[in-house]
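Q: I am new to this structure and would like a close look at a single part of it. Could you walk me through the ligand site and the positions that a database record marks?

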Amino acid sequence: MVEEVVDRRRVQFEFAKRSFEAFLSERERFLPYLKPQVTPVLYMDLEGIKSRYIELRYHLPQVKVYYAVKANDHPEIIRVLAELGSGFEVASSEELRRVLEMGVSPDRVISSNPVKPMDFIEYAYSKGVDRFAVDSFTEVDKLAKVAKRSRVYVRLVVPNEGSDWPLSKKFGVDVNTALDILEYAREKGLIPYGVTFHVGSQCNNYRNWFIGIRTAAELWSKAKERGLRLQMLNLGGGIPVRYTYEALSVEDIAYYVRGLLQKFFPSMPHELQIEPGRGIVGDQGIMVTRVIGKARRGNENWIYIDTGVFNGLAEALGGIRYAFYLDREGELEEWTIGGVSCDSMDVVARSVPLPEPEVGDYLYILSAGAYTTVYAANFNGFPVPQVVFP
Ligand SMILES: Cc1ncc(COP(=O)(O)O)c(C=O)c1O
């Protein structure tokens, strides 16, 4: 019998290499930028962002897209999406200010964070934003006070299994509580408008959409029995991108979601929304960093790079495993990648297969377009990655 030997390191490294090559083959204009003088730098592809938006609209034509600004709030990204007619999901006065500055009218803006600062609600309502998510009676009280005639949509809790960045523990309620909240909102003079859920960010499990849409449909019909006529179903975010494994495609998710909507909503909601963040910008960015140090500690190989979890790679602390590529030949070994700061928590990845790096080498981080620069701080005095649109 012939034993098949799978070299896991080789498979992982080749996957990163293919991602790197595929990214560049579609973006030849990026080639002159690969060895920048100053690092770290995040190169973002505005054309790619537009394509992702158009792809989503193409596969889900009845669903209005509200880009979740938190994923990457760079003005250029907001500008191109605004020009394409996208809506926007915002959580703070600053995000809203950035969106309005691009000439977006407030009726293209929603706010889906179920717990919002009072001053933000006041500011948003004063600017004409009148659609807010809720998942508590307290939030209804807050809205009834300062956003009196606003439309509210309730956030349901749904499983986040199979999502690399789960969100459901913090927000969401069950169907019965959701109904009580909507009824309470009506009593308080607000307009019960719809329902939302979030399958978890970087969701690679179709089942979460299944449960989300089925639970929303249950709420929908029970609401009708109570005389609450909902109009809007918001499908949240969760569309994944390629990191160290192949992600579900927009086309496949859309096909599945369209089927679920037909099954569970025989008469379609008047309004359908989706609010992707990562799925629009995540794989449209590549971060270029440089190796600044190398060490052997016990039986571990370490390299250190000029950015870290405090300067843009915060998601490495949670469930996101980035793909790293280094342009060298040679035997692959596993490396722990340390961030630039003195903090021992600042470790970007472990067991990353790479050919032996040298100080000064460029290390490329794929799919770094979402939830990187928005988190970045100058901890320890180190710079946040500069953002460039080649
Ligand atoms: C309320 C809400 N909507 C949308 C998003 C965007 O999610 P994703 O980036 O997974 O598409 C998030 C992410 O945290 C969120 O909290």
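**The ligand site and the annotated positions**

A: Let's start with the record. In an unreviewed entry, UniProt gives C342 the feature "active site". Please keep in mind that what you see here is a predicted model. In this model, C342 sits in a loop, with β15 (332-338) on one side and β16 (347-355) on the other. C342 counts as exposed because its relative accessibility is 72%, and exposed begins over 50%.

The record has something to say about K70 as well. UniProt, again in an unreviewed entry, lists K70 under "modified residue: N6-(pyridoxal phosphate)lysine". To find K70, look at the loop that runs between β2 (63-68) and α3 (75-84). With a relative accessibility of 32%, K70 counts as partly exposed, because that class covers values between 20% and 50%. Setting aside the neighbours within four places in sequence, K70 is in contact with E89, E95, Y371 and V374.

From K70 we can step across to the ligand. An N or O atom in the side chain of K70 is 3.4 Å from an oxygen atom of the ligand. S201 also faces a ligand oxygen, with a polar side-chain atom 2.5 Å away from that atom. For E275, the partner is a nitrogen atom of the ligand, and a polar atom of the E275 side chain lies 2.6 Å from it. As for how covered the ligand is, it would expose 390 Å² if taken alone, and the protein buries 92% of that area.

Now for the whole shell. There are 15 residues around the ligand, and those that come nearest are S201, E275, G277, R278 and Y371. You have already met Y371, as one of the residues in contact with K70. Sorted by class, the shell is made up of four nonpolar, six polar and five charged residues.

One more residue is worth a visit, T289, which has its place in strand β12 (residues 285-297). T289 counts as buried because its relative accessibility is 0%, and the buried class is anything under 20%. Leaving out neighbours within four places in sequence, the residues in contact with T289 are T39, P40, I305, D306, T307, D361, Y362, L363 and I365.

To put the three side by side: C342 is exposed, K70 is partly exposed, and T289 is buried.

Definitions and conventions:
Residues are numbered from 1 along each chain as its sequence is written. This is a predicted model: local features need pLDDT of at least 70, side-chain atom pairs count only at pLDDT 80 or more; totals for chains, interfaces and linings use all residues. Side-chain values use heavy atoms; hydrogens and water are left out. A residue is near a molecule or strand if one of its heavy atoms lies within 4 Å of it. A polar contact is a pair of N or O atoms within 3.5 Å; within protein, one must be able to donate a hydrogen and the other to accept it, and residues adjacent in sequence count only if both atoms are side-chain atoms. Accessible areas come from the Shrake-Rupley method with a 1.4 Å probe; for residues, only the protein chains shown count as cover. Ala, Val, Leu, Ile, Met, Phe, Trp, Tyr, Cys and Pro count as nonpolar, Asp, Glu, Lys and Arg as charged, and the others, Gly among them, as polar. UniProt positions are given in the numbering used here, feature names are shortened, and annotations may be inferred rather than shown by experiment. Helices (H or I, at least four residues) and strands (E, at least two) are DSSP runs, numbered from the N terminus. Buried means under 20% relative accessible area, exposed over 50%, partly exposed in between (1.4 Å probe, protein chains only). Contact means heavy atoms within 4.5 Å.
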